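Colleague: Please take me through the charged and covalent side-chain pairs, one by one, and tell me where each partner sits. I work at the bench, so plain words would be welcome.

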Amino acid sequence: MWPAGVDYRRIIADRQLVIADFPPTVRDADGGDTGFSGAGLRFSTAAGTRVDGLRLSDQGVFAPAENRSAFARCIDRAAVVHAVQQTTGVDVTPTGLRVIAPSHPLAPRLADINGRATAVDRDAAKAALDGATVRIGFLGDISRYAPMVTALAGSCAEAGVTVVPVPRTADDLGQLGVDYDAVLDARSSFAQNPDSPVSVFSPLGDIRRAEEELDTRTATIPLTTEPRAIAVNDHVANVVDNPGEAGLSWNMDRWVEHDAPVSSAEPSASPQA
């Protein structure tokens with residue numbers, strides 16, 4: 001088992017990498033720049049069901065719920081999507097939903113809520129936050145996060161809001177509300193909304209009410225689906241990616257190694273919920 005941030009080139013060269021689940025970059029499009037090309041590995045990218053989004057503090061600038069809501073109104077998700085796509089080469093989907101993923105069958109039934117949650121209203125943002133500074137923390141070794149924060153800064157500058165990037169490391173994550181006012185990370189709907197008992201398995205009416213309540217509370221601001229990249233040794237079969245919280249290892253009890261290369265051209269992906 002190798003940790004995030006490992007030198008992939010080194011362990012690939014040493015023939016130590018069999019299966020990898022890692023944040024993609026545009027350099028990985030053909031696997032060449034990170035050493036995957038010609039290394040006997042099948043490489044693929046896709047958008048997952050987890051969501052890259054912001055968790056906001058309830059202290060400081062974001063103590064009033066009105067300020068949290070106003071900050072959401074200055075965010076242009078198209079700019080954030082562009083930053084992710086330019087950095088990762090993966091087509092991601094913008095979203096304002098907090099309980100279900102954009103690919104969920106019920107998502108079209110909530111298009112009105114999603115539209116309101118993603119609407120840009122810089123006049124409203126400026127009225128509440130003009131001159132404010134918002135510090136956004138994120139893991140610095142995830143390549144897409146700094147460009148995403150830059151996109152947020154450009155978007156909210158038009159509303160008079162200064163966004164300050166606060167890169168952190170896994171050894172020093174910092175504390176929400178102390179070291180930064182919001183944190184950018186990827187989470188499933190279950191993890192995004194610990195205060196709500198509603199899930200993807202709830203009735204549509206409950207989901208609708210929860211989506212409206214969560215948007216009003218604005219403890220979180222969903223942005224885009226999570227870009228994923230996986231690599232699998234071409235002698236290993238039955239590797240099925242899970243684009244949610246479980247990740248690539250969810251069915252590892254079924255992985256099988258063969259003497260000859262397996263026929264699949266690339267790793268499989270599980271259906272998105």
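Modeller: Happy to! A residue is called buried when its relative accessible area is under 20%, exposed when it is over 50%, and partly exposed in between, using a 1.4 Å probe and protein chains only. On that scale, 47% of the 273 residues of the protein chain count as buried.

Two notes on the ground rules. This is a predicted model, in which local features need pLDDT of at least 70 and side-chain atom pairs count only at pLDDT 80 or more, while totals for chains, interfaces and linings use all residues. Residues are numbered from 1 along each chain as its sequence is written, and side-chain values use heavy atoms, with hydrogens and water left out.

The protein chain has eight helices and 10 strands; these are DSSP runs numbered from the N terminus, with H or I and at least four residues for a helix, and E and at least two for a strand. A contact here means heavy atoms within 4.5 Å. Among contacts in the protein chain with a separation of 6 or more, 75% are between residues 24 or more positions apart.

Now to the charged pairs. A salt bridge is a side-chain nitrogen of Lys or Arg within 4 Å of a carboxyl oxygen of Asp or Glu, and the structure holds 15 of these salt bridges. One of them joins Asp 21 to Arg 228, with the closest N and O atoms 2.8 Å apart. Because Asp 21 lies in strand 1 (residues 19-22) and Arg 228 in strand 6 (residues 220-233), this pair ties together parts that are 207 residues apart in sequence. Asp 21 is partly exposed, at 36% relative accessibility, whereas Arg 228 is buried, at 7%.

The backbone around that pair is worth a look too. Two strands pair if DSSP finds at least two bridges between them; strand 1 and strand 6 pair in the antiparallel sense over four bridges. In that arrangement Asp 21 stands opposite Ile 230 in strand 6. In a regular strand, side chains alternate between the two faces of the sheet. Strand 1 shows this alternation: Ala 20 and Phe 22 point to one face and are buried, while Ile 19 and Asp 21 point to the other face and are not.

The next salt bridge is between Asp 185 and Arg 55, at 3.1 Å from N to O. Asp 185 is in strand 5 (residues 182-187) and Arg 55 in strand 2 (residues 41-56), so this pair links distant parts of the chain, 130 residues apart. Asp 185 is buried at 16% relative accessibility, and Arg 55 is partly exposed at 25%.

A further salt bridge pairs Arg 135 with Asp 181, the closest N and O atoms being 3.1 Å apart. Arg 135 belongs to strand 3 (residues 133-139) and Asp 181 to the loop between strand 4 (162-168) and strand 5, so the pair ties together parts that are 46 residues apart in sequence. Of the two partners, Arg 135 is partly exposed, with a relative accessible area of 25%, and Asp 181 is buried, at 7%. Elsewhere among the charged residues, salt bridges with shared partners join Asp 112, Arg 116, Arg 208 and Glu 212 into one network.

Strand 3, the home of Arg 135, also has a partner of its own. Strand 3 and strand 4 run parallel and are joined by seven bridges, with Gly 137 having Val 166 in strand 4 as its bridge partner. Between these two strands the chain passes through helix 6, in a β-α-β crossover that is right-handed. Right-handed means that, with the strands pointing away from the viewer, the path from the first strand over the helix to the second runs clockwise.

Helix 6 brings us to the covalent pair. A disulfide is a covalent bond between the sulfur atoms of two cysteines. The rule used is a pair of cysteine sulfur atoms within 2.5 Å, and it gives one disulfide. Cys 74 and Cys 156 form this disulfide, with their sulfur atoms 1.9 Å apart. Cys 74 lies in the loop between helix 2 (65-73) and helix 3 (77-88) and Cys 156 in helix 6 (residues 145-157), so the pair ties together parts that are 82 residues apart in sequence. The torsion about the S-S bond is about 75 degrees, so the disulfide is right-handed. Both Cys 74 and Cys 156 are buried.
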